[in-house]
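Open the model in your viewer and keep the selection panel at hand. We will go from stop to stop, picking something to select each time and saying what is there.

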Amino acid sequence: MSPVIVLDRDGNVIAALGSPGGNAIIAYNAKALVGLLAWKLPLQQAIDLPNLVARGDEYYGEVSKFSPAILAGLGERGITVKSGRGEESGLQGLVVNADGTTTGAADPRREGTWTSLEP
């Protein structure tokens, strides 16, 4: 579940990320992976995306960070997003760049920071 290690087709590490969060870890990681891999966002922007965690038929998230259009679209699908649980992911991760350097990112919702140690 966490950490998640992303490999390319040749088995090389291209990213790694993880988060505390109990049963919400999967939602946090999935959100960041979609942002990073499908939407091609920098890792920090992918981590910064609003959190939305489904627990059964209840949905908790950062209501104030979703646009009114997104909330309306979810509402049309019978989804009402409630605040109060599952918003403080604490994701941290890194991406291995094409030149072999790394770029890290940490969730500003918690105390996360990242540091690069060069050999």
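One cut-off first: a residue counts as buried under 20% relative accessible area, as exposed over 50%, and as partly exposed in between. Try that on Ser116, which is partly exposed because its relative accessibility is 30%. Please keep in mind throughout that this is a predicted model.

**The whole chain**

Start with everything shown as a cartoon. The protein chain has three helices and seven strands, and from the N terminus on they follow the order β-β-α-α-β-β-α-β-β-β. Along its principal axes, the C-alpha trace spans about 50 × 30 × 25 Å.

Now switch on a surface. The chain exposes about 7,200 Å², and 57% of that comes from carbon and sulfur atoms. Of the 119 residues, 37% are buried. If you colour by charge, you will be looking at 10 positive and 13 negative charges, whose mean positions lie 6 Å apart. For a contact map, take the contacts between residues at least 6 apart in sequence: 43% of these join residues at least 24 apart.

**The first hairpin and its other partner**

Select residues 4–7 and 13–18, which are strands β1 and β2. The two run antiparallel and are joined by four bridges. They form a hairpin with five residues between them, and in the turn Gly11 has a positive phi of about 85°. To see how the strands line up, label Val6, which stands opposite Ala15 in β2.

Next add residues 92–96, strand β6. Which way does β6 run against β2? The pairing is antiparallel, again over four bridges. Ala16 has Leu94 in β6 as its bridge partner.

Keep Leu94 displayed and bring back Ser116, which lies in the segment after β7 (102–106). These two residues are 22 apart in sequence, and their C-alpha atoms are 9.6 Å apart in space.

**The loop between α1 and α2**

Move to Lys40, in the loop between α1 (25–38) and α2. What is the phi of Lys40? It is positive, about 60°, although Lys40 is not a glycine. For context, most residues other than glycine have a negative phi. Lys40 counts as exposed because its relative accessibility is 67%.

**A buried asparagine**

Follow the chain through α2 (43–48) into the loop that leads to β3, and select Asn51 there. Is Asn51 buried or exposed? At 1% relative accessibility, it counts as buried. Show side chains as sticks and look for Lys31: the side chains of Asn51 and Lys31 make a polar contact of 2.8 Å.

**The three-stranded sheet**

Now select β3, β4 and β5. They form an open sheet in the order β3-β4-β5, with mixed pairing. β3 (52–55) and β5 (81–82) each have a single partner strand and stand at the edges, so one side of each has no neighbour in the sheet.

Take the β3 and β4 pair to begin with. It is antiparallel, over four bridges, and Val53 stands opposite Tyr60 in β4. The two strands form a hairpin with two residues between them; Gly56 in the turn has a positive phi of about 65°.

Then turn to β4 (residues 58–61) and β5, which run parallel and are joined by two bridges. Here Tyr59 stands opposite Val81 in β5.

Before leaving, show the side chains of β3 alone. They alternate: Val53 and Arg55 point to one face and are buried, whereas Leu52 and Ala54 point to the other and are not buried.

**Last stop: Asp107**

Finish with Asp107, in the segment after β7. How accessible is Asp107? Its relative accessible area is 0%, so Asp107 is buried. Display Arg109 as well: a polar contact of 2.8 Å joins the side chains of Asp107 and Arg109.

To see what else surrounds Asp107, leave aside its neighbours within four places in sequence. The residues in contact with Asp107 are then Ile47, Ser89, Gly90, Leu91 and Gly112.

Terms used. Residues numbered from 1 in each chain as written. Predicted model: local features only at pLDDT ≥ 70, side-chain atom pairs only at ≥ 80, totals over all residues. Heavy atoms only, no water. Buried < 20%, exposed > 50% of the residue type's maximum accessible area, 1.4 Å probe, protein only. Contact = heavy atoms within 4.5 Å. Areas by Shrake-Rupley, 256 points an atom, 1.4 Å probe, with all protein chains shown as cover. Lys, Arg positive; Asp, Glu negative; His and termini not counted. Charge placed at Lys NZ, Arg CZ, Asp CG, Glu CD. Pairing = 2+ DSSP bridges. Polar contact = N/O pair within 3.5 Å; in protein donor to acceptor, adjacent residues only side chain to side chain.
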